[in-house]
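Work through the exercises below with the sequence and the coordinates open beside you. Each task sentence is followed by a solution that proceeds step by step.

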Amino acid sequence: MKRVSDLVISSCAHLLYNKELVRYLEEGRFDAVLTDPVLPCGQILAEHLSIPSVFFLRGIPCGLDFEATQCPNPLSYVPRGFTDLTDHMNFFQRVKNLIVDIPNYFLCDFAFQPYAKLASEFLQRDVTVRDLLRQGSIWLMRLDFVLDYPRPLMPNIILIGGVNCAHKKLPQVGAPVLPYHFFLCQ
């Protein structure tokens, strides 16, 4: 993981410090940057170019998507991933939800620190990854509340569940019924 992380950060640094490419992008008068915020290099570039960013994602580790969009995310109500909990938790389930969430505070700072350092150097001001992600104009979230727990969303979050899926018609068996449609994901 360390090697992969170093490679991705190195690639980002090479992109940002490629003067010819950055000059081309500055002169290109682009309208927006479409990027995945898990690797915030695109957002650093959008910030430098002073253009809006559109995020396309499934989710960000550690709940940075909740923090950046200021979505309500109380531990007593919103279950954390992989806990099999619902919004109706007893005391011990809420404690479990809290314990599952504690490592996020340490791991994400560690994982995203190189990006914060790179962004601060490139933008020539102190910046955190949370600060960068807060600048996202539109969040295209690949969520589907059939699979994901329903959660509060902010107005700039647009759900686009099924974007990687083919539209198919269910075969009818037995008595005629209204045709149902579903998505088959590859």
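**Exercise 1. Determine in which sense strand E3 and E4 pair and over how many bridges, then place the pair within its sheet.**

Strand E3 (residues 138–141) and E4 are paired in the parallel sense, over three bridges, where strands are DSSP runs of type E with at least two residues, helices are runs of H or I with at least four, and both are numbered from the N terminus. Two strands count as paired if DSSP finds at least two bridges between them. The model examined here is predicted, so that local features need pLDDT of at least 70 and side-chain atom pairs count only at pLDDT 80 or more, whereas totals for chains, interfaces and linings use all residues. Residues are numbered from 1 along each chain as its sequence is written, and side-chain values use heavy atoms, with hydrogens and water left out.

Step 1: within this pair, Trp 139 stands opposite Ile 157 in E4.

Step 2: the sheet to which the strands belong is open, has four strands in the order E1-E2-E3-E4, and shows parallel pairing. Strand E1 (33–35) and strand E4 (157–159) stand at its edges, and because each has a single partner strand, one side of each is left without a neighbour in the sheet. From one strand to the next, the twist averages 20 degrees.

Step 3: at the other end of the order, E1 and E2 also pair in the parallel sense over three bridges, and Leu 34 stands opposite Val 54 in E2.

**Exercise 2. Establish how far E2 is covered, and which helix lies across E1 and E2.**

Step 1: four of the five residues of E2 are buried, which leaves the strand mostly covered; buried means under 20% relative accessible area, exposed means over 50%, and partly exposed lies in between (1.4 Å probe, protein chains only).

Step 2: helix H3 (residues 41–49) lies across E1 and strand E2 (53–57), and runs at about 165 degrees to E1. Axes are lines fitted to C-alpha atoms, for helices over the stretch in contact, and angles run from 0 to 180 degrees between N-to-C directions.

**Exercise 3. Describe the packing of helix H1 against helix H5, including the classes of the residues that meet.**

Step 1: helix H1 (residues 2–16) and helix H5 (residues 91–123) pack at an angle of about 10 degrees, and their axes are 11 Å apart. H1 and H5 are therefore roughly parallel to each other, given that angles under 35 degrees count as roughly parallel, over 145 as roughly antiparallel, 65 to 115 as roughly perpendicular and the rest as oblique.

Step 2: from H1, the residues Val 8, Ile 9, Cys 12, Ala 13 and Leu 16 meet Pro 114, Tyr 115, Leu 118 and Phe 122 of H5, with contact meaning heavy atoms within 4.5 Å.

Step 3: sorted by class, the contact of H1 with H5 comprises nine nonpolar residues, no polar and no charged ones. Ala, Val, Leu, Ile, Met, Phe, Trp, Tyr, Cys and Pro count as nonpolar, Asp, Glu, Lys and Arg as charged, and the others, Gly among them, as polar.

**Exercise 4. Decide whether Phe 112 and Ser 120 are buried or exposed, and list what each touches.**

Step 1: Phe 112 has its place in helix H5 and counts as buried at 10% relative accessibility. Leaving aside residues up to four places away in sequence, Phe 112 touches Val 38, Pro 40, Ile 60, Leu 64 and Val 129. Phe 112 and Leu 39 are 73 residues apart in sequence, and their C-alpha atoms are 8.8 Å apart in space.

Step 2: Ser 120, also placed in helix H5, counts as buried at 18% relative accessibility. With residues up to four places away in sequence again not counted, Ser 120 touches Arg 125, Asp 126 and Val 127.

**Exercise 5. Examine the phi values of Gln 70 and Asp 84, and state where these residues lie.**

Step 1: most residues other than glycine have a negative phi.

Step 2: Gln 70, although not a glycine, has a positive phi of about 60 degrees. Gln 70 is found in the loop between helix H4 (64–69) and H5, and is exposed, with a relative accessible area of 59%.

Step 3: phi of Asp 84 is likewise positive, near 60 degrees. Asp 84 has its place in the loop between H4 and H5 and counts as exposed at 78% relative accessibility.
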